[in-house]
Amino acid sequence: MSNAKCRVNRLRPLYKRTGLRRSGLLLASLLAITRAWALPNPILFVTQQPLRVEVNSRTVSQSATSVASAFSNHLGDTASAGRGGALWILDAGATVPRNLTAAAGYGIPGQPLIAVRQPHVYWDGSKALFSMVVGSPTSASDPTQFFWQIYEVSNFGVGQTPAIVLVPHQPSNANNISPCYGTDDRIIFSSDRPRDAAGSAHLYPQREEYLLLPTVTGLWSLDRTTADLRLLQHSPSGSFTPFVDSFGRVIYVRWDHLSRDPEATTDRGPGPGDTFAQTFNGTFNYSDESAAASMLPRAEIFPEPRNFDKSGLAGTNLNGNSFNQFTPWMVNEDGTSEETINHVGRHEFYDAIAPSYTNDPNLIPLNITGRSVVSNLFQIREDPRLAQAGVYFGINAPDVGYHGAGQIARFDGKPTTNPGLMAITFMTAPVFVPPAPQTPLANAANIYRQAVPISDGTLLAVHTPARSTDGAPLPGTSPQQFDDYNFRLRAMTGPVGSMTPGGFLLATQPAANVTYFVGATPTTYNGPMWEMDPVEVVSRKRPGSNASFIPGLEQMVFQEEGVDLPTFQNFLRTNNLALIVSRNVTTRDKADKQQPFNLFINSPTSTTATNGAGLNPLGKTYGIAYLQILQADQLRGLTNNMPAALPGRRVLATPLHDPVAIANMPAVPAAPASGSVKLADDGSMAALVPARRAIAWQLLDTDGTSQVKERYWVTMQPGEVRACTSCHGLNLTDQANQTTPTNKPFALRLFLQNWRALHPSGTLQHASSTVTVTKNAGSIGLLVTRTGGNTGPLSLTYASTDGTAQSGVDYTAVNGQLNWTDGDASTRSINVGLLNPTTIGSSKSFAVSLSNSSALGTPTITTVTIQETPFATWQFQHFGGNANVIAIGGPAADPDGDGLSNLVEYVLGLDPAANSSPGTPIQTSVSSGGQTYFALAFTRDTTVSDATCVVEQTLDLQSWNTGSSYNAAGSIPTNAFTTEVSRMPAGPGRETIVVRDTVPQNARLKSFMRLKATIP
């Protein structure tokens, strides 16, 4: 800090500005200039160095803005944000404020210089967010880039030592300003971080649409614990001063300037009829948004040419468009449902809107009479009193020259207030300050920033007297220290409409003496500091948060087309898309007579009438057939006539080209313009649009002629389904005095049919129509498959039905439901318990049916046959009903008296009703290796699946050893007691086996073998 000096940790008396000598008497009189009321709660505020003049120039390099400007006010360099400021608190009952940043070690001698802005108090009043830039260049060649970052201060009660911490996980290489707390403790703020998910450096900075100066990209939301960062809304020219109001809405001011690039027009040079001077900004187009994009000649397609571009308008029936307003907007905390507050717009708050076309007597200039209008509304704040919830204060001011100061205005914007009935009430008298270098006013006018109502009903404001706009320094003053503007905190007094500033909030104005570099120039400021950004330290009721709402009619279309809404929204989120829907774009708000409203669907099968028919028989009618979607791509660059392009890009309206969006919409082969969707015969529209990127649109006729243009950029969130009734939406009625359209949008139906075909849900069915099971299996699992697609959840019900098999006797009845989630194509199983009754009989069957699903395939019925075990089947085949008589059909019975049990006859394939002595196993002997062995020969039925033949061996006829064994599952031909000699086919399904003892006869006195049959 060898080249920076700081002396800011004290108050500088006002008399040092006036040239008066210091004396005890004067000091006492100054301290006596106190508030006329007692503060109900402490007030946080900041001090800022008086800032440079504001210059609006078509030559980009000559424009000048600063931290107190209406736009491009976010930069942290020392030219834009003079150093020496601080965060202060004035305690209730105190006359001298406390410097919180100094008490926490920031901005004090020996430490880097700082600038501070925009404190915002937590819900319970215990802490506050604010933005601060720390440091300044230490030399003329210091390349350090300085950014506004969000900090949090706590422990600022009387007698406490303040603690200030940097909020973690915020974008570090970006300017983050205007922080506020969300209802879920996320931090909502403005930032110039690049809009895209990657934060692409080549898109930094985003340049606004008016002067091509850097601007913030929109509102962002940060979870400082998880580091989750989201873009809530994309603003091509910037969004400012957000806060969450009493109804859980994020209220903010957005700069609306959906116009062609004026610098590109002046760079082109004047043509016939033009009066502007040519500029040399070096504007051009990038081929796309990539870092490797090529440089192309400048071109624009939307909207109309600028109003001063006479040669560009020549030969058309168009009036030029120059739309430049700061408007109050609202959005949910998740970024959905962005629109002007309550849908209020230019026809309620503003004036001087020219008609779009010159050849239609129906279209007339906007001429508001009988109520107040504003030029812009800045620095919106809500009345904190419960009874005044939804009453907002703002500043009506020009966009340049006044440092965002002007006339204090008020309006009722609670959610229940119809925008068609919203009106501006001015709290202070009209004001005009002549632009420099015109002769300044003899008596300074009162202008205001940041009108802040506090809990006792007092209206605080940042006030300055002004003799001239701050567009150029007054004679004899320095541009860096031009101090005709001196912003001080004051309480407003007097009646509504003519309120004036009362006592100063601070008896003594803080001052600073700082030295730092502005570029290569060392700069010293030694003087009073502006008092800015007041906020009351008071607890507030935390409101609930809001979510986007899909109207019932549109939900019904989803249901009728069999598209699961959560599944569809998950598809949108996965692909960073949103869906926009309108019921009837031919209906327009009654107040809007500046764009065509005699609209009809240009189709031979259209069901819409001309909505403005009969209003003026001389008026034109306009056929429309398509809606063209335009996305805000950062394609405009400039060089300032240098060899290389300057950093950053401005947005241009570009036809929709998101490949996933286009691939998932119905094809429009005859569309006359890219990025278009077909309007349905009922006037409805449905289209996919990229999320977290501003979009606009225009209505086209069959030949691609633009008939009606959207005047605002709007941002959607991933997964959002944004349904509107009209275009532009109705506040009270449409041009034909009709209220909201109630048709189910047919375009949505067509869209969903197409989407469902591209993303089929599949069908549910049994894996087999017939299943056979043995009754002793315990249970059977019946498989149900999902084939042909897996989009969305599916479910079905199932139930069993008796046939010859009886529930409770042969099986356990079942019924229930099977469910599949989105993306799940796995096979499900219906498990049926088998009861295995002891009675032997014929096979029986029952059925299990599938039902109650819109996605049933075939088969829907499975017939389950329960059959006896193979042995029981054999028993029933040979003995009939006597199979259940143990003495006849039992396994050990020998009804034919041949010495072979039924079970042995079964495994040997013999007839249990006939003497089978010829089939009896035979003891014999065999020779092997010169030795003779005892052996057993037998012929078995190889088709027997549930019984085992076991050759047993013994020496004493008492203790039998298990030898070779044979069954359908697998045989063990040799073990320690016996070994297989041979196995030979003996006809279909039969084989003859010879098994011998493992010990030769001469080694044993005696040995015996027998055949035993077993069954589980």
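Is Q379 buried or exposed? In this predicted model, Q379 is buried, with a relative accessible area of 10%. I begin with this residue on account of its backbone. Q379 is not a glycine, yet its phi is positive, at about 55°. Q379 belongs to strand β20, residues 378–382. As general background, most residues other than glycine have a negative phi, and most peptide bonds are trans.

A second residue invites comparison. N852, also not a glycine, has a positive phi of about 60°. Its setting is the loop between β47 and β48. At 62% relative accessibility, N852 counts as exposed, whereas Q379 is buried.

That loop brings me to the peptide bonds. P859 is likewise placed in the loop between β47, residues 844–851, and β48, residues 861–867. The bond from T858 to P859 is cis, with omega near 0°. Another cis peptide bond joins Y204 and P205, and here omega is about -5°. P205 sits in the loop between β10, residues 187–191, and β11, residues 206–207.

Strand β10 leads us to a sheet. How are the strands of this open sheet ordered? There are four of them, in the order β9-β10-β12-β13, and the pairing is antiparallel. At the edges are β9, residues 176–181, and β13, residues 228–234, each of which pairs on one side only. On average, and with direction ignored, neighbouring strands of the sheet are turned by 25° against each other. Let us look at one pair in detail. Strand β12, residues 218–223, runs antiparallel to β13 and is joined to it by six bridges. One residue to locate on the display is D223, whose bridge partner in β13 is D228. In general terms, strands of a sheet pair through backbone hydrogen bonds, either parallel or antiparallel.

I turn next to a hairpin. Strands β24 and β25 form it, with five residues between them. In the turn, G457 has a positive phi of about 95°; unlike this glycine, Q379 is a non-glycine residue with positive phi. Seven bridges join β24 to β25, residues 459–466, and the two strands run antiparallel. Within the pair, I447 stands opposite T464 of β25. How many residues of β24 are buried? The strand spans residues 445–453, and eight of its nine residues are buried, so that β24 is mostly covered.Now to the helices. Helix α7, residues 552–560, and helix α10, residues 746–758, have axes that come within 10 Å and cross at roughly 30°. The crossing is right-handed. On the α7 side, the contact is made by E554, V557, F558 and E560; on the α10 side, by L748, R749 and L752. By class, this contact has four nonpolar and three charged residues, with no polar ones.

Finally, the cysteines. How many disulfides does the count come to? The count comes to zero. C724 is in no disulfide, and the nearest cysteine sulfur, that of C727, is 7.8 Å away. For a disulfide, the two sulfur atoms would have to be within 2.5 Å. As for surroundings, C724 is partly exposed, with a relative accessible area of 33%, while C949 is buried, with a relative accessible area of 2%.

Key. Residues are numbered from 1 along each chain as its sequence is written. This is a predicted model: local features need pLDDT of at least 70, side-chain atom pairs count only at pLDDT 80 or more; totals for chains, interfaces and linings use all residues. Side-chain values use heavy atoms; hydrogens and water are left out. Axes are lines fitted to C-alpha atoms, for helices over the stretch in contact, and angles run from 0 to 180 degrees between N-to-C directions. Helices (H or I, at least four residues) and strands (E, at least two) are DSSP runs, numbered from the N terminus. A crossing is left-handed if the near helix is turned anticlockwise from the far one by less than a right angle, and right-handed if clockwise. Contact means heavy atoms within 4.5 Å. Ala, Val, Leu, Ile, Met, Phe, Trp, Tyr, Cys and Pro count as nonpolar, Asp, Glu, Lys and Arg as charged, and the others, Gly among them, as polar. Two strands pair if DSSP finds at least two bridges between them. Buried means under 20% relative accessible area, exposed over 50%, partly exposed in between (1.4 Å probe, protein chains only).
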